[in-house]
Amino acid sequence: MKRNVKTSFWKDIQSRYKVTIADENTQKVLTNLIFTKYGMFGIIMLILVFFAIISALLVCFTPLRNYFPGYMNSEVRQQVIDNAMRADSLQQVLDRQNRFVMNIQDILQGKIVADSVQSIDSLTKVIDDSLMEISRREAEFRRRYEETETYNLSGVVKKPSETEGLIFYAPTRGTLTQSFGTEINHFGVDVKANKGESILATLEGTVIMSTYTSDSGFMIAIQHSHDFVSIYKHCGRLLKRAGESVVAGECIAIVGVDANFLTIQAHLHFELWHKGHPVNPETYIIF
């Protein structure tokens with residue numbers, strides 16, 4: 001039965017068919033087309049192969065290949081990079097123009113003195129300097145305060161009786177590398193710690209300063225009860241702002257190395273002041 005079906009199939013695809021094309025008016029035969037199913041299949045396959053070859057040639061030897069993923073040549077890729085750089089340059093020009101318009105508005109509103117203007121960049125620097133004005137005032141106030149208190153070091157408090165009942169937290173985990181010494185104007189202790197180590201508030205209090213200074217890097221100061229003030233210098237990153245309340249042992253900053261102090265290893269400079277006088281932190285804290 002299977003053999004008969006197979007034989008019938010081959011006979012069917014090899015059967016010859018005739019298509020006659022004739023003139024409708026005169027009935028004259030113009031041409032005759034004789035074909036088999038097997039022949040038609042072969043012609044269709046040849047046509048498909050022909051189009052496949054034409055498509056491959058177009059992809060390989062014409063610019064059309066650049067529209068196919070993975071076929072972009074180095075020249076077109078370089079053009080894409082150049083266009084991206086031009087777009088970035090245009091964005092920078094647009095930003096400069098926006099800053100120029102904003103600076104002109106500030107001049108017209110009297111926020112910037114016109115005589116101080118030299119260029120667009122100088123205007124931008126004026127704005128940046130105004131943003132740092134508060135930090136500079138704080139640094140100047142602190143410098144004057146320390147110069148004034150330098151002459152009162154004879155009144156350094158050792159361990160006031162008001163601290164009874166207070167528990168001081170160690171500001172960070174590390175090794176003590178330099179101790180307190182008023183004779184060398186070192187009003188705190190240096191604790192060498194790993195980069196990324198947490199810096200903790202030694203007591204509960206309110207942040208009174210959280211800023212950046214040229215001599216101390218990122219620093220934070222906290223006002224505590226019993227007239228205590230703790231100061232944390234050379235931080236890598238600050239986590240609290242001025243005016244925020246903190247609890248004892250709360251993370252307020254992170255140990256790190258500032259870009260302006262690359263020659264200094266990651267450490268924390270910790271100071272403890274009481275009633276305006278520096279006190280030795282080792283009197284109250286075990287490091």
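In which strand is the place of His-267? In this predicted model, His-267 belongs to strand β11, which covers residues 267-274. The relative accessible area of His-267 is 11%, and because buried means under 20%, this residue counts as buried. Leaving aside residues up to four places away in sequence, His-267 touches Asp-190, Val-191, Lys-192 and Ala-193, and it also touches Lys-233, His-234 and Val-255.

Strand β11 appears again when one turns to the aromatic rings, of which the whole structure holds 8 pairs. One of these pairs is formed by Phe-168 and Phe-228, whose ring centres are 5.5 Å apart and whose planes stand at 75°, so that the pair is classed as edge-to-face. Phe-168 is found in the loop between α5 (133-149) and β3 (175-178), while Phe-228 is found in strand β8 (residues 228-238), and the pair therefore ties together parts that lie 60 residues apart in sequence. Both partners fall under the cut-off for burial, since Phe-168 has a relative accessibility of 12% and Phe-228 has a relative accessible area of 0%.

A further aromatic pair joins Tyr-232 and Phe-270, with 5.2 Å from centre to centre and 50° between the planes, an arrangement described as tilted. Here too the pair links distant parts of the chain, for Tyr-232 sits in strand β8 and Phe-270 in strand β11, 38 residues apart. Tyr-232 is buried, at 0% relative accessibility, and Phe-270 is likewise buried, with a relative accessible area of 0%. Ring pairs also build a cluster, in which Phe-168, Phe-228 and Tyr-284 are linked.

Charged side chains add another set of links, and which residues form the salt bridges, 3 in count? Strands β8 and β11, already joined by the pair of Tyr-232 and Phe-270, are also connected by a salt bridge between Glu-271 and Lys-233, in which the closest N and O atoms are 3.1 Å apart. Because Glu-271 lies in strand β11 and Lys-233 in strand β8, this salt bridge ties together parts that are 38 residues apart in sequence. Glu-271 and Lys-233 are both buried, and Lys-233 is also among the residues that His-267 touches.

Another salt bridge brings together the side chains of Glu-197 and Arg-173, with 3.1 Å from N to O. Glu-197 is placed in the loop between β4 (188-192) and β5 (198-200), whereas Arg-173 is placed in the loop between α5 and β3, so the pair ties together parts that are 24 residues apart in sequence. Are these two partners buried or exposed? Glu-197 counts as buried, at 16% relative accessibility, but Arg-173 is exposed, with a relative accessible area of 64%.

The remaining salt bridge to describe is that of Lys-240 with Glu-250, where the closest N and O atoms are 2.6 Å apart. Lys-240 lies in the loop between β8 and β9 (245-246) and Glu-250 in the loop between β9 and β10 (251-255), so this pair ties together parts that are 10 residues apart in sequence. Lys-240, at 17% relative accessibility, counts as buried, while Glu-250, at 22%, counts as partly exposed.

Conventions. Residues are numbered from 1 along each chain as its sequence is written. This is a predicted model: local features need pLDDT of at least 70, side-chain atom pairs count only at pLDDT 80 or more; totals for chains, interfaces and linings use all residues. Side-chain values use heavy atoms; hydrogens and water are left out. Helices (H or I, at least four residues) and strands (E, at least two) are DSSP runs, numbered from the N terminus. Buried means under 20% relative accessible area, exposed over 50%, partly exposed in between (1.4 Å probe, protein chains only). Contact means heavy atoms within 4.5 Å. Rings of Phe, Tyr and Trp (its six-membered ring) pair if their centres lie within 6.5 Å; planes under 30 degrees apart count as stacked, over 60 as edge-to-face and the rest as tilted. A salt bridge is a side-chain nitrogen of Lys or Arg within 4 Å of a carboxyl oxygen of Asp or Glu.
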